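Here is a short tour of a model you can turn on your screen as you read. Please keep the viewer open beside the text.

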Amino acid sequence: MKRKHSDIAGNGLMVLGLVIVIAGLAVSMVGQMPEFNFPQLIRHIAILGIFVGALMWLAGARIGGREKITDRYYWQRHCGDKRCRNGHSEHNEHSHQ
């Protein structure tokens with residue numbers, strides 16, 4: 001698959017996954033209200049839809065090339081390398097005082 005096509009397919013799967021997650025959350029929250037008498041099967045399908053949407057999101061990120069952590073994330077930027085994990089960081093020194 002060419003790069004442009006994989007970007008389009010990845011973005012499409014990510015958008016579809018996001019829509020499914022939001023729809024599943026909405027249906028499961030509305031299903032908890034006593035005014036709406038949703039059948040039990042619909043509530044279970046809504047919860048399953050949350051997980052299916054998350055998997056579609058992850059598949060789209062993988063296809064589109066967005067599965068790597070970048071330096072935009074705080075934890076990766078500040079504590080991502082091995083030097084922060086060996087116990088000699090300033091965070092560990094302040095916690096023992």
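The buried residues of helix α2 are A46, G49, I50, G53, M56, G60, A61 and G64, where buried means under 20% relative accessible area, exposed over 50%, and partly exposed in between, with a 1.4 Å probe and protein chains only. These residues pack against α1. The model is a predicted one, in which local features need pLDDT of at least 70 and side-chain atom pairs count only at pLDDT 80 or more, while totals for chains, interfaces and linings use all residues. Residues are numbered from 1 along each chain as its sequence is written, and side-chain values use heavy atoms, with hydrogens and water left out.

On the other side of this packing, α1 covers residues 3–30, and its buried residues are S6, G10, M14, G17, V21, G24 and S28. They pack against α2, which covers 40–64. Helices here are DSSP runs (H or I, at least four residues), strands likewise (E, at least two), and both are numbered from the N terminus.

How far does each of these two helices reach between its end C-alpha atoms? The table sets the spans beside the expected values, which are 1.5 Å times one less than the number of residues.

| Helix | Residues | C-alpha span | Expected span |
|---|---|---|---|
| α1 | 28 residues | 40 Å | 40 Å |
| α2 | 25 residues | 36 Å | 36 Å |

The span of α1 is close to the expected one, and that of α2 agrees with its own. Just after α2 comes G65, with a positive phi near 85°.

Two of the buried α1 residues are worth a closer look. V21 sits in helix α1 and counts as buried because its relative accessibility is 18%. Leaving aside residues up to four places away in sequence, V21 touches I50, G53 and A54, a contact being heavy atoms within 4.5 Å. Of these, I50 and G53 belong to the buried residues of α2. The C-alpha atoms of V21 and L48 are 9.4 Å apart in space, while the two residues are 27 residues apart in sequence.

S28 also has its place in α1. Is S28 buried or exposed? At 14% relative accessibility, S28 is buried. Its contacts, again without residues up to four places away in sequence, are A46, I47 and I50. I50 is thus touched by V21 and by S28. The side chain of S28 also reaches the backbone oxygen of L25 at 3.0 Å.

Now for the aromatic rings. The structure holds one aromatic pair, formed by F36 and F38. Rings of Phe, Tyr and Trp (its six-membered ring) pair if their centres lie within 6.5 Å; planes under 30 degrees apart count as stacked, over 60 as edge-to-face and the rest as tilted. The F36 and F38 rings are tilted, at 6.2 Å centre to centre and 35° between the planes. F36 is partly exposed at 40% relative accessibility, and F38 is partly exposed at 29%.

Finally, the whole chain. The protein chain has four helices and zero strands, running α-α-α-α from the N terminus on. Buried residues make up 19% of its 97 residues. Among contacts between residues at least 6 apart in sequence, 63% join residues at least 24 apart. The accessible surface comes to about 8000 Å², with 65% belonging to carbon and sulfur atoms; areas come from the Shrake-Rupley method with a 1.4 Å probe, and for residues only the protein chains shown count as cover.

Technical notes: Polar contact = N/O pair within 3.5 Å; in protein donor to acceptor, adjacent residues only side chain to side chain.
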